[in-house]
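Hi there,

Here is the structure I promised to pass on to you. Have a look at it first, and then read on for what turned up in it.

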Amino acid sequence: MNSQISPHVRVRFAPSPTGYLHVGGARTALYNYLFAKKNKGEFILRIEDTDEARSTQESLQGVVDDMVWLNLLWDEGVDSKTLKDLGPLGPYRQSERLPIYKEVADKLLQTGKAYYCFMTDAELEQQREQALKEGRNPHVNSPYQHWTLPQAQEHLKAGNKGVVRFKTQELKKDYILNDLVRGEVKFPSDMVGDFVLLRSDGMPVYNFCCAVDDHMMKITHVFRAEEHLPNTLRQLMIYEGMGWQTPEFGHMALILDEDRQKLSKRKGAVACSQLRDEGYLNSAVLNFIALLGWSHPEGKEIFSIEDMINVFDISRLNHSGAIFDRVKFKWVNAMHLRALPNMELWKQIQPFLARENMELPQDPVWQEKSIEVFKSYMEVLADAIELYRPLNDKSYVILPEAEETMKWEPTKAVLTAWKELVEAYPNEYMTEDEFLKIQDEVKNKTGAKGKHLFMPIRVAVIGKPHGAELKILVPLMNKKSLVSRAALALAQL
RNA sequence: GUUCCCAUCGUCUAGGGGCCUAGGACACCUCCCUUUCACGGAGGAUACAGGGGUUCAAAUCCCCUUGGGAACGCCA
């Protein structure tokens, strides 16, 4: 491979603001970001909003917000707050670059590399069906490709609308792409038909903008998903037609859904914003999506973005698609969660607890202690809700899973003894030792032991027979709360 | 249909001719820790799609088959 790294690396991520940013897009952005950082180059965010019908301002803001949340910050593009241009080679929104595309298209028209085509949709469709029936490529074969430019301009002046197509039929040769991840890929030129550059309303089309912008924005490396591999041929043709030097391309394998199909928004691809709502950490998202198509040289499974930047190498990019596995993702998130300092984790769960209007003590010592107890039970931040709920007096209930425990013969005696002993306790919060002593007394009084002792008490404390250790849990609750819970539990017998 | 891409445990992967009776991780199973559940620790089961070559030697290189995917738009 002749991948001589240019002195100054410039890469870009170019989303179209027609929906949310999903994990596939995020991974493309991540790899580009890593490559830029690793090579001390620039990371550009370009907005591909030439589909007027589907592009929206809200979606653009959403994508930008997700990028910011992921901490994939760009050097040039649009400002994350105002969405105004940022950088010397703008505008960075394609909808604001129309005159540029027009100019390039004119050049291609004048040099005979492109032509105006006036075929109707019906004609196109008919031709397509015919070709398919005969087992040929369903490519356009426009009669207008032979028209001279003045002839077409005359037709235009008469009020006809036409598209500008790139002329491919005379290019009878193979195009060779030295793909940075796949090696040599050979495309026969008839793999594509005369593709549209400018729509009849003058708006440019993806492949055209992409080539023009990558050239104008001095992009040196294009890393994108494999679905764009066939597009590369069209872009190569445009570069050749304009006499431009091509950037390096690298096509990465796709992220697949459970059916081994390309992840698509249509089929409910995972949105980054949704992951955030479910309580995934941005560092875990980055860690996990990096693993879907790349591996750490030391075989590490859990790592930070800084670590990734240090060791990132495109030679470790995979060639085959990867299924997005929610289960492993949760584990990765749990690992990141547990690596957080306690008070930082406390801070992170606040939005989730706030959603449920939970009132918890303000005491930082209590807060830190509670995190220490619940940390190993959390996989996503949202788990904190069910973990902390029992600590919230308002929501103490005996859960259905406690049913069996409540039926045990010694349960009533245990609950009664427990309630009496707690009532007799003189202070607000008991220590671990004091709890253990009380527990022992319950045991002596009732003769209950083992699960017949612990589970009823746990039900009286958190409403269910399983959960964190009592000796850590109980010191997190004040006497008043413990007594009223015990009373409630007894009342249910 | 045509073209292109891809192929190691269920999943993500390591491996790039001998170090491979194929390593790691998630999930699963067993045990330990724990008077519960998790966490943690120790083990276990499970994979080179098939067939031909090349070679002293193939998971690794080549070819074919099969399977999967993508693209063939006035979407990106």
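A definition to begin with: two strands pair if DSSP finds at least two bridges between them. Please also keep in mind that this is a predicted model.

With that in hand, start at the beginning of chain A. Strand β1 (residues 10-13) and strand β2 (residues 42-45) run parallel and are joined by 4 bridges. Val11 has Phe43 as its bridge partner in β2. Between these strands the chain passes through helix α1 (residues 23-38), and the resulting β-α-β crossover is right-handed.

A second parallel pair is formed by β10 and strand β11 (residues 248-252), with 5 bridges between them. Here Ala225 is matched with Met252 of β11 as its bridge partner. The path from β10 to β11 goes through α7, and this β-α-β crossover is right-handed. Strand β10 (residues 221-225) is mostly covered, with 5 of its 5 residues buried.

On the overall layout, chain A is split into domain 1 (10-77 + 255-323), domain 2 (97-252), domain 3 (340-391) and domain 4 (396-491). Between the C-alpha centres of domain 1 and domain 4 there are 49 Å.

Now to the RNA. Which residues come nearest to RNA strand B? Of the 64 residues around the strand, they are Thr50, Arg182, Arg199, Gln261 and His466. By class, this surface holds 23 nonpolar, 20 polar and 21 charged residues. Looking from the other side, 70% of the atoms of RNA strand B within 4 Å of the protein belong to sugar or phosphate, and the rest belong to bases.

Three polar contacts are worth opening in your viewer:

- His466 places a polar side-chain atom 2.6 Å from a sugar or linking oxygen of RNA strand B.
- Tyr206 has a polar backbone atom 3.0 Å from a phosphate oxygen of RNA strand B.
- Gly467 has a backbone N or O atom 2.8 Å from a base nitrogen of RNA strand B.

As for secondary structure, the elements giving two or more residues to the surface near RNA strand B are β6 (163-166), β8 (183-188), α6 (206-216), α7 (229-242), β13 (322-323), α11 (326-339) and α18 (451-462).

A few backbone details also caught my eye. Most residues other than glycine have a negative phi, and most peptide bonds are trans. Against that background, the peptide bond from Gly90 to Pro91 is cis, with omega near -5°. Pro91 sits in the loop between β4 (85-86) and α3 (98-110).

Leu83 is not a glycine, yet its phi is positive, near 65°. Leu83 belongs to the loop between β3 (77-78) and β4. Arg260 is another non-glycine residue with a positive phi, about 65°, and it lies in the loop between β12 (255-256) and α8 (272-278).

Are these two residues buried or exposed? Leu83 has a relative accessible area of 5%, so it is buried. Arg260 is at 54% relative accessibility and therefore counts as exposed.

One last stop is Leu197, in strand β9 (residues 196-198). Leu197 counts as buried because its relative accessibility is 0%. Leu197 and Tyr101 are 96 residues apart in sequence, while their C-alpha atoms are 8.8 Å apart in space.

Enjoy exploring it, and do write back with any questions.

Best wishes

Note on methods. Residues are numbered from 1 along each chain as its sequence is written. Chains are lettered from A and ligands numbered from 1 in the order in which they are written. This is a predicted model: local features need pLDDT of at least 70, side-chain atom pairs count only at pLDDT 80 or more; totals for chains, interfaces and linings use all residues. Side-chain values use heavy atoms; hydrogens and water are left out. A residue is near a molecule or strand if one of its heavy atoms lies within 4 Å of it. A polar contact is a pair of N or O atoms within 3.5 Å; within protein, one must be able to donate a hydrogen and the other to accept it, and residues adjacent in sequence count only if both atoms are side-chain atoms. Ala, Val, Leu, Ile, Met, Phe, Trp, Tyr, Cys and Pro count as nonpolar, Asp, Glu, Lys and Arg as charged, and the others, Gly among them, as polar. Buried means under 20% relative accessible area, exposed over 50%, partly exposed in between (1.4 Å probe, protein chains only). A crossover is right-handed if, with the strands pointing away from the viewer, the path from the first strand over the helix to the second runs clockwise. Domain bounds come from an automatic or database domain assignment.
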